[in-house]
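Colleague: Hello! I am new to this one, so could we walk through it together, one question at a time?

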Amino acid sequence: MATLLQLVQDAATELSLNSPGVVVSSQDQDVRQLLALANAAGLDLVKAWNWQWLLNEYTFVTTTATQYALPADYDRLVNDTQWDRTSRWPGIGPTSSQTWAWLKGQLIASVPRYRFRILGNQFTVYPAPSAGRTYAFEYVSKNWIVGADGVTYKSRFTADDDVHRYDDRLMVCLLKAKYLAAKGLDSTIVQAEFIERLELCKSHDQAAPKLSLGPQIIDPLLGMQNIVDGNWTLSP
């Protein structure tokens, strides 16, 4: 993973521009444009895929409130990861506005499992939970940059030694494509290179399940898949 300075230097060299010695403090118009486009490229890629290194788990303990603050680096939820770990029940949602209105207007005031939606940039649940329950979900972080100290994460470049967390070649390709497009130049070839690289990086980002064209074997109701190891005796 390259620093901001290395990223801009590589892109500038491939674009036949002068390779800069600094980026953030530079007064050169091309360098400043490359900095702005690098930030735009990184933010675009956050939206392009659920990159495994951007996935985080968030847990919180409920009060009796119905709304809870999202993580500071929150970008979006990962579907079907919302759980009430106290009851070991999955949350139901995200609930549409219409269903939410029906829930709040119905005669029955409570339901056995919680419903949720993102409302006003808060994780909103129905009905109001009892205090002390543990809720959890996965989300995609917007922080695609790590500072030189290795512990500070952020969503925009602010220093030349900031390190982006994407594939190096992917960022160079996208930065070049954005620069050419911004200048009104033909970016067709570079854009095609970026798309090819993006699909390659997405396919390599996480492992994939094995797919079969034959009939699937159905797991038995009882077997090694769902019975814990141990000693068992039969009662007479």
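Colleague: How much surface does the protein chain expose, and what share do carbon and sulfur atoms supply?
Modeller: This is a predicted model, where local features need pLDDT of at least 70 and side-chain atom pairs count only at pLDDT 80 or more, while totals for chains, interfaces and linings use all residues. Residues are numbered from 1 along each chain as its sequence is written, and side-chain values use heavy atoms, with hydrogens and water left out. By the Shrake-Rupley method with a 1.4 Å probe, where for residues only the protein chains shown count as cover, the protein chain exposes about 14500 Å². The share from carbon and sulfur atoms is 55%.

Colleague: What percentage of the 236 residues count as buried?
Modeller: Buried means under 20% relative accessible area, exposed means over 50%, and partly exposed is in between, using a 1.4 Å probe and protein chains only. For the 236 residues of the protein chain, the buried part comes to 39%.

Colleague: How many helices and strands does the protein chain have?
Modeller: Both are DSSP runs numbered from the N terminus: helices are H or I with at least four residues, strands are E with at least two. Counted that way, the protein chain has five helices and eleven strands.

Colleague: Which helix gives the most residues to the largest nonpolar core?
Modeller: A nonpolar core is a set of buried Ala, Val, Leu, Ile, Met, Phe, Trp, Tyr and Cys residues joined through side-chain atoms within 4.5 Å. The largest has 38 residues, and L45, W51, W144, F157 and Y166 have the most contacts inside it. At least two residues each come from α1 (4–14), α2 (29–48), α4 (168–182) and α5 (188–205). With nine residues, the helix that gives the most is α4.

Colleague: How many residues are in the other core, the one with F60 and L77?
Modeller: That core lies apart from the largest one, and V125 and Y139 are also among its residues. Its size is twelve residues.

Colleague: Why do the buried residues of α1 lie on the same side of the helix?
Modeller: The buried residues in α1 are L4, L5, L7, V8, A11 and A12. The arc is that of the directions from the helix axis to the C-beta atoms. They lie on the same side of α1 because they cover an arc of only 160°.

Colleague: Which elements are included in what covers those buried residues of α1?
Modeller: Contact here means heavy atoms within 4.5 Å. The cover on the buried residues of α1 includes α2, β11 and α4.

Colleague: Is the pair of Y58 and F137 stacked or tilted?
Modeller: Rings of Phe, Tyr and Trp (its six-membered ring) pair if their centres lie within 6.5 Å; planes under 30 degrees apart count as stacked, over 60 as edge-to-face and the rest as tilted. The structure holds 19 aromatic pairs. For Y58 and F137, the ring centres are 5.5 Å apart and the planes are at 55°, so the pair is tilted.

Colleague: How many residues apart are Y58 and F137?
Modeller: Y58 sits in strand β1 (residues 55–61) and F137 in strand β8 (residues 134–141). Y58 is partly exposed at 23%, whereas F137 is buried at 2%. The pair links distant parts of the chain, with a separation of 79 residues.

Colleague: And is the pair of F123 and F137 stacked or tilted?
Modeller: The ring centres of F123 and F137 are 4.9 Å apart. Their planes are at 20°, so the pair is stacked.

Colleague: How many residues of β7 are buried?
Modeller: F123 lies in strand β7 (residues 122–126) and is buried at 1% relative accessibility. Strand β7 is mostly covered, and of its five residues the buried ones number four.

Colleague: How many bridges join β6 to β7?
Modeller: Two strands pair if DSSP finds at least two bridges between them. Strand β2 (residues 67–69) is joined to β7 by three bridges, running antiparallel, and Q67 stands opposite T124. Strand β6 (residues 115–119) also runs antiparallel to β7, forming a hairpin with two residues between the strands. The number of bridges joining β6 to β7 is five.

Colleague: Is T95 buried or exposed?
Modeller: T95 lies in the loop between β5 (89–90) and α3 (97–105). Leaving aside neighbours within four places in sequence, T95 contacts W100, L103, R115, F116 and R117. Its relative accessibility is 11%, so T95 counts as buried.
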